[in-house]
Structures are given as structure tokens and as C-alpha cells.
Amino acid sequence: MTTYDILKHAHSGWRHVVLILLIVAFVQALAALIGKKPYTDGHRKLNLFTLISSHIQVLMGLIMYFMGGWFKVETAEAATRYWKMEHLSMMIIAVILITIGNSKSKKVEQALAKHRNIALYFGLALLIILGSLFMMVKNVPGRSFF
């Protein structure tokens with residue numbers, strides 16, 4: 001088994017960690033925003049773990065992108081275009097949104113503003129990630145969502 005194969009399996013498995021943390025953080029922020037709950041240390045830690053896990057995921061993906069030579073492939077086929085351009089750009093945008101949301105939530109004092117920032121930015125990131133995964137299923141034969 002090569003280093004690339006190990007990274008590929010780790011990247012594929014780690015996405016579940018990222019998705020679960022992102023969904024939980026988004027739902028928790030939305031519920032706290034609607035219920036006008038205080039922003040606790042538990043919220044902060046969950047948001048931080050979500051941020052860290054998404055950064056780990058994008059780092060593994062970028063290493064695979066350059067190790068596997070994806071930047072050199074032709075984009076005539078839908079599957080290669082998806083891996084070379086669409087997946088990469090959508091995931092980087094999603095991680096940027098997660099980073100911005102976490103940063104903005106730390107800068108404001110009011111609990112509702114913190115929850116609003118997390119719900120907005122993490123929610124947008126979640127939509128982009130889910131959209132990218134659905135595009136993968138559509139464009140890459142033999143791949144499934146799970």
C-alpha cells in the first residue's frame with residue numbers, strides 16, 4: 001500500500017468526522033439562536049474541533065492533489081474535471097467559510113451574534129460540501145455518497 005493509498009483512505013474516512021461535527025455545530029448554533037441560549041465553552045470547543053477537522057481534511061486533500069498529479073490531468077471527462085477543479089475549489093471555499101465563521105464568532109460579544117455567525121457560515125459550508133458530494137455521485141461512476 002502506497003502513501004497515496006493511505007492518504008486516500010484517511011481522507012475518505014475523515015470526511016465523516018468533518019460532516020458529523022459540522023452538522024452538529026450547525027444544528028446546535030441554530031437551536032441556540034432560535035432559543036436565545038447563551039454561548040458556552042462547549043459551543044466554542046465544538047466550533048474549534050469542527051474548524052480543526054476541516055483543516056486536516058483539506059490538508060490531506062491538497063497533499064493527495066499534488067501527489068497524485070491531479071493538477072496535470074485533462075478536463076475533457078466529467079470525472080477528471082470534477083476531481084481536478086470542482087471538488088478542490090468547492091472544498092477550499094467551504095473550509096474558508098468555516099474559518100471565517102469561527103473567527104467572526106470569536107470577535108463579537110453577544111451570544112446571539114456568535115450563534116448567528118456560526119449558523120450562517122457553517123450552514124453555507126455544509127451546503128457547499130453536500131453539493132460537492134452529490135456532484136461526485138453524479139460525475140464519478142461507481143462512487144456513492146457513503
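**A pocket among four helices**

Student: Which residues lie nearest the centre of the largest pocket, and how many residues line it?

Tutor: The largest pocket has a lining of 25 residues, and those nearest its centre are His11, Gly61, Met64, Trp83 and His87. This is a predicted model, in which local features need pLDDT of at least 70 and side-chain atom pairs count only at pLDDT 80 or more, while totals for chains, interfaces and linings use all residues. Residues are numbered from 1 along each chain as its sequence is written, and side-chain values use heavy atoms, with hydrogens and water left out.

Student: What makes this a pocket rather than a cavity?

Tutor: On a 1 Å grid over the protein atoms alone, a cavity is a set of points where a 1.4 Å probe fits but cannot get out, whereas a pocket is an open set with protein on both sides within 12 Å along at least five of seven lines, and its lining residues have an atom within 4 Å of a point. The volume of the largest pocket is about 570 Å³, a volume being the space filled by probe spheres set on the points, which are joined across faces, edges and corners.

Student: Which helices supply at least two residues each to the lining of the largest pocket?

Tutor: Helix H1 (3-35), helix H2 (41-67), helix H3 (78-107) and helix H4 (111-139) each do so. The protein has four helices and zero strands, and from the N terminus its elements follow the order α-α-α-α; these are DSSP runs numbered from the N terminus, with helices (H or I) of at least four residues and strands (E) of at least two. The C-alpha trace of the protein spans about 50 × 25 × 25 Å along its principal axes.

Student: Why is Gly69 called buried or exposed?

Tutor: Gly69, in the loop between H2 and H3, has a relative accessible area of 14% and is therefore buried, since buried means under 20%, exposed over 50% and partly exposed in between (1.4 Å probe, protein chains only). The C-alpha atoms of Gly69 and Lys84 are 9.3 Å apart in space, although the two are 15 residues apart in sequence. Of the 146 residues in the protein, 39% are buried.

Student: How do you know whether Thr40 is buried, partly exposed or exposed?

Tutor: Thr40, which lies in the loop between H1 and H2, has a relative accessible area of 38%, so Thr40 counts as partly exposed. Its C-alpha atom is separated by 8.6 Å from that of Ala111, 71 residues away along the chain.

Student: And why does Lys36 count as buried or exposed?

Tutor: Lys36 is in the loop between H1 and H2, and its relative accessibility is 63%, so Lys36 is exposed. Its phi is near 55°, a positive value in a residue other than glycine. Most residues other than glycine have a negative phi.

Student: What does Glu86 touch, not counting residues up to four places away in sequence?

Tutor: Glu86, found in helix H3, touches Arg81, Met135 and Asn139 on that count, where contact means heavy atoms within 4.5 Å. Glu86 and Met136 are 50 residues apart in sequence, while their C-alpha atoms are 9.3 Å apart. Among contacts in the protein between residues at least 6 apart in sequence, 72% join residues at least 24 apart.
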